[in-house]
Amino acid sequence: MLEKAHLIQIANTPMPFGKYKGRMLIDLPDEYLLWFAKKGFPTSALGQLMEMTLALKIDGLDEVVKPLKRR
């Protein structure tokens with residue numbers, strides 16, 4: 001279940017590895033998240049956040065999360 005804490009984490013958690021290392025989860029390209037959906041998300045809290053991020057983007061709700069980013 002998606003909670004406010006998850007939204008804040010999605011907005012402020014940097015991708016720890018790969019091509020988009022350092023980019024906040026909410027700022028990851030849709031194609032990258034879709035690739036993970038096909039290959040399998042990491043089996044960790046990070047993977048769960050990535051999966052939630054993709055769901056938000058599919059539903060067009062990523063713009064709701066972006067204002068939660070720390071500056």
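Partly exposed, as used here, means a relative accessible area between the buried limit of under 20% and the exposed limit of over 50%. The exercises below concern a predicted model.

**Exercise 1. Classify Trp35, Phe36 and Phe17 by exposure, then describe how their rings pair.**

Step 1. Start with Trp35. Its relative accessible area is 45%. Trp35 is therefore partly exposed, because the value lies between the 20% and 50% limits.

Step 2. Turn to Phe36. Its relative accessibility is 7%, so Phe36 counts as buried.

Step 3. Phe17 has a relative accessible area of 34% and is partly exposed.

Step 4. Now the geometry. A pair of aromatic rings is described by the distance of the centres and the angle of the planes. A search of the whole structure gives 5 aromatic pairs. One of them joins Phe17 and Phe36, with 6.4 Å centre to centre and 70° between the planes. This pair is edge-to-face. Phe17 sits in the loop between helix 1 and helix 2, Phe36 in helix 2. The two are 19 residues apart, and their pair links distant parts of the chain.

Step 5. Trp35 and Phe36 also form an edge-to-face pair. Here the centres are 5.1 Å apart and the planes make 80°.

Step 6. Place these rings in their setting. Ring pairs link Phe17, Tyr20, Tyr32, Trp35, Phe36 and Phe41 into a cluster.

**Exercise 2. Which residues of helix 1 are buried, and what covers them?**

Step 1. Helix 1 spans residues 4-12. Its buried residues are His6, Leu7, Ile10, Ala11 and Asn12.

Step 2. Check the spacing. Residues three or four places apart on an α-helix point the same way, because there are 3.6 residues a turn.

Step 3. Find the cover. It includes helix 3 (45-58) and helix 4 (62-65).

**Exercise 3. Describe the largest nonpolar core, and state which helix gives the most to it.**

Step 1. This core has 19 residues. Those with the most contacts inside it are Ile10, Met15, Leu25, Leu28, Met50 and Val65.

Step 2. Assign the contributors. At least two core residues come from each of helix 1, helix 2 and helix 3. Helix 3 gives the most, with 6 residues.

Step 3. Look closer at Leu28. Leaving out residues up to four places away in sequence, Leu28 touches Met15, Tyr20, Arg23, Leu33 and Lys57.

**Exercise 4. Find the salt bridges, and say where the partners lie.**

Step 1. Side chains of opposite charge can pair when their charged atoms come close. The count for this model is 3 salt bridges.

Step 2. Asp27 pairs with Lys69, with the closest N and O atoms 2.6 Å apart. Asp27 lies in the loop between helix 1 and helix 2. Lys69 lies in the segment after helix 4, 42 residues apart from Asp27. Both ends are partly exposed: Asp27 has a relative accessible area of 25%, and Lys69 has 24%.

Step 3. Lys57 and Asp30 meet at 3.4 Å, N to O. Lys57 is in helix 3 and Asp30 in helix 2, so this bridge ties together parts that are 27 residues apart in sequence. Lys57 is buried at 12% relative accessibility, whereas Asp30 is partly exposed at 35%.

Step 4. Lys66 bridges to Glu63, with 3.4 Å between the closest N and O atoms. Lys66 is partly exposed, at 27% relative accessible area.

Key:
Residues numbered from 1 in each chain as written. Heavy atoms only, no water. Buried < 20%, exposed > 50% of the residue type's maximum accessible area, 1.4 Å probe, protein only. Helix = DSSP H or I, 4+ residues; strand = E, 2+ residues; numbered from the N terminus. Contact = heavy atoms within 4.5 Å. Phe/Tyr/Trp six-rings, centres within 6.5 Å; stacked < 30°, edge-to-face > 60°. Core = buried A, V, L, I, M, F, W, Y, C linked by side-chain atoms within 4.5 Å. Salt bridge = Lys/Arg side-chain N within 4 Å of Asp/Glu carboxyl O.
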